[in-house]
Amino acid sequence: APSRPLKPVANPKSKADEAHNLYVKAAPYVKRKDFPAAIPMVQSAAELDPDNLKYQLLLAELMATVRNLALQAEEQFFKVLKMAPHHAAATVGLVSLYFKCSRREDTIVWLEKAKKLAPSHPKLTKIAKKLRIPWE
């Protein structure tokens with residue numbers, strides 16, 4: 001589907017329209033990094049339009065920024081990966097989340113998977129370096 005412009009639908013006629021409007025409403029909060037304020041809007045958008053990968057991924061990424069939402073973020077990344085098994089951004093997000101939560105074994109397992117999908121991603125190379133894992 002073509003990407004919609006980032007402006008609200010004037011007369012929302014579907015759940016997808018309502019979800020889009022919530023996504024638009026959340027955008028300024030995301031932009032100024034007020035992730036806790038953005039999460040409920042994006043979560044509602046993701047619930048209204050559950051097949052929208054963009055909303056699902058953004059929700060996971062936002063949750064991953066909030067320390068006490070790490071478990072929900074992990075579940076959300078897996079939801080995205082169930083929808084799109086080779087999704088590079090979701091895989092990188094999972095690696096970052098595991099690293100941030102000091103889950104070394106999980107970090108290493110997912111780092112290997114992510115390496116195949118996004119070998120030159122700066123976040124991955126940085127994490128590999130910190131864990132002293134060769135990256136060639």
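Against which helices do the buried residues of helix 3 pack? In this predicted model, the buried residues of helix 3 pack against helix 1, helix 2 (35-48), helix 4 and helix 5. The legends below begin with the whole chain and then turn to close-up views.

**Figure 1. Overview of the chain, with its seven helices and zero strands.** From the N terminus on, the order of elements reads α-α-α-α-α-α-α. The C-alpha trace spans about 55 × 30 × 20 Å along its principal axes. Of the 136 residues in the chain, 42% are buried. Among contacts between residues at least 6 apart in sequence, 39% join residues at least 24 apart. The accessible surface of the chain amounts to about 8,300 Å², and 58% of this surface belongs to carbon and sulfur atoms.

**Figure 2. Helix 3 and its surroundings.** Eight of the 11 residues of helix 3 are buried, so this helix is largely enclosed by the rest of the structure. The buried residues are Tyr-55, Gln-56, Leu-57, Leu-58, Leu-59, Ala-60, Leu-62 and Met-63. At the N-terminal end, Asn-52 acts as a cap of helix 3, with a side-chain oxygen 3.0 Å from the backbone nitrogen of Lys-54.

**Figure 3. The aromatic pair of Tyr-23 and Tyr-55.** Two aromatic pairs are counted in the model. In the pair shown here, the ring centres of Tyr-23 and Tyr-55 lie 5.2 Å apart and the ring planes stand at 35 degrees, so the pair is tilted. This pair links distant parts of the chain, since Tyr-23 belongs to helix 1 (residues 15-31) and Tyr-55 to helix 3 (residues 53-63), 32 residues apart. Tyr-23 has a relative accessibility of 17% and counts as buried. Tyr-55, with 3% relative accessibility, also counts as buried; the cut-off for this term is under 20%.

**Figure 4. The aromatic pair of Phe-78 and Trp-110, with a charge over one ring.** Phe-78 and Trp-110 form an edge-to-face pair, with 5.5 Å from centre to centre and 70 degrees between the planes. Distant parts of the chain are linked by this pair: Phe-78 is in helix 4 (residues 70-83) and Trp-110 is in helix 6, 32 residues apart. Phe-78 is partly exposed, with a relative accessible area of 34%, whereas Trp-110 is buried, with a relative accessible area of 13%. The charged end of Lys-113 sits over the ring of Trp-110, 4.0 Å from the centre of that ring.

**Figure 5. Phe-77 and its contacts.** Phe-77 is located in helix 4 and is buried, with a relative accessible area of 1%. With neighbours within four places in sequence left aside, the residues in contact with Phe-77 are Leu-57, Ala-60, Glu-61, Ala-64, Ala-90, Gly-93, Leu-94 and Leu-97. Two of the names in this list, Leu-57 and Ala-60, are also among the buried residues of helix 3.

**Figure 6. Thr-107 and its contacts.** Is Thr-107, a residue of helix 6, buried or exposed? Thr-107 counts as buried, at 1% relative accessibility. A polar atom of the Thr-107 side chain lies 2.7 Å from the backbone oxygen of Arg-103. Residues up to four places away in sequence not being counted, Thr-107 touches Val-95, Tyr-98, Phe-99, Ile-127 and Leu-131.

**Figure 7. The two sides of helix 7.** In helix 7 (residues 122-130), the buried residues are Leu-124, Ile-127 and Ala-128. These residues cover an arc of only 100 degrees around the axis, which puts them on the same side of helix 7. Their cover includes helix 5 (88-100) and helix 6 (104-117). On the other side of helix 7, Pro-122, Lys-126, Lys-129 and Lys-130 are exposed. Just after helix 7, Arg-132 adopts a positive phi of about 60 degrees.

**Figure 8. Asn-21 of helix 1 and its contacts.** Asn-21 is buried, with a relative accessible area of 18%. Apart from neighbours within four places in sequence, Asn-21 is in contact with Pro-8, Val-9 and Pro-12.

Technical notes:
Residues numbered from 1 in each chain as written. Predicted model: local features only at pLDDT ≥ 70, side-chain atom pairs only at ≥ 80, totals over all residues. Heavy atoms only, no water. Buried < 20%, exposed > 50% of the residue type's maximum accessible area, 1.4 Å probe, protein only. Helix = DSSP H or I, 4+ residues; strand = E, 2+ residues; numbered from the N terminus. Arc of directions from axis to C-beta. Contact = heavy atoms within 4.5 Å. Phe/Tyr/Trp six-rings, centres within 6.5 Å; stacked < 30°, edge-to-face > 60°. Lys NZ or Arg CZ within 6 Å of the ring centre and 35° of its normal. Polar contact = N/O pair within 3.5 Å; in protein donor to acceptor, adjacent residues only side chain to side chain. Areas by Shrake-Rupley, 256 points an atom, 1.4 Å probe, with all protein chains shown as cover.
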